[in-house]
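Please explain how this protein chain is arranged, beginning with its sheet and then turning to individual residues.

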Amino acid sequence: MPIFEFKCTKCGEDFEKLIFGNQTVRCPKCDSSEIKKKMSTFGMSGVEKPFAGTSSASCTSCSKSTCSSCH
Ligand SMILES: [Zn+2]
């Protein structure tokens with residue numbers, strides 16, 4: 001989802017919007033088109049990786065799933 005963060009330069013309102021194509025973005029508060037796009041990946045970051053913190057990962061040097069002998 002192409003979600004972007006914007007800030008209105010007129011009233012200072014911060015808002016997020018889904019942008020499709022060359023859609024004109026307007027401030028939801030004062031309807032101004034004088035807005036700045038903020039560099040942000042909000043909505044995409046902050047997601048934890050599914051394998052982070054996994055302790056049951058298979059060993060690469062042996063075929064056992066849990067190995068305390070080869071590490
Ligand atoms: Zn505004």
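Two strands are taken to pair if DSSP finds at least two bridges between them. The model described here is predicted. On that definition of pairing, three strands form an open sheet in the order E2-E1-E3, and the pairing is antiparallel. E2 and E3 stand at the edges, each with a single partner strand, so one side of each is left without a neighbour in the sheet. From one strand to the next, the twist averages 40°.

These strands may be set in the context of the whole protein. It contains three strands and zero helices, and its elements, read from the N terminus, run β-β-β. Of its 71 residues, 4% count as buried. If one takes the contacts between residues at least 6 apart in sequence, 35% of them join residues at least 24 apart.

The two pairings of E1 can now be followed in turn. Strand E1 covers residues 3-8, and it pairs with E3 in the antiparallel sense over four bridges. One residue of this pairing is Cys8, whose bridge partner in E3 is Ile35. With E2, strand E1 is joined by five bridges, and these two strands also run antiparallel. Which residues stand opposite Glu5 in E2 and in E3? In E2 the residue opposite Glu5 is Glu16, and in E3 the residue opposite Glu5 is Lys38.

The connections between strands come next. E1 and E2 form a hairpin with five residues between the strands, and in this hairpin Gly12 takes a positive phi near 80°. The loop between strand E2 (14-18) and strand E3 (35-38) is the place of Asp31. Most residues other than glycine have a negative phi. Asp31, a residue other than glycine, has a positive phi, near 65°. Is Asp31 buried or exposed? Asp31 counts as exposed because it has 10 C-beta neighbours inside 10 Å, and a residue is exposed if 12 or fewer other C-beta atoms lie within that distance.

The last residue to consider is Lys36, whose place is in strand E3. Which residues does Lys36 touch, not counting residues up to four places away in sequence? They are Phe6, Lys7 and Thr9. Lys36 has 10 C-beta neighbours inside 10 Å and therefore counts as exposed. Another residue by which to place Lys36 is Val25, 11 residues apart from Lys36 along the chain, with 9.5 Å separating the two C-alpha atoms.

In summary, the three strands form an open antiparallel sheet in the order E2-E1-E3, with E2 and E3 at its edges. Asp31 lies in the loop between E2 and E3, while Lys36 lies in E3.

Technical notes. Residues are numbered from 1 along each chain as its sequence is written. This is a predicted model: local features need pLDDT of at least 70, side-chain atom pairs count only at pLDDT 80 or more; totals for chains, interfaces and linings use all residues. A residue is buried if 20 or more other C-beta atoms lie within 10 Å of its own, exposed if 12 or fewer, and partly exposed in between; C-beta atoms are placed from the backbone. Two residues are in contact if their C-beta atoms, placed from the backbone, lie within 7 Å. Axes are lines fitted to C-alpha atoms, for helices over the stretch in contact, and angles run from 0 to 180 degrees between N-to-C directions.
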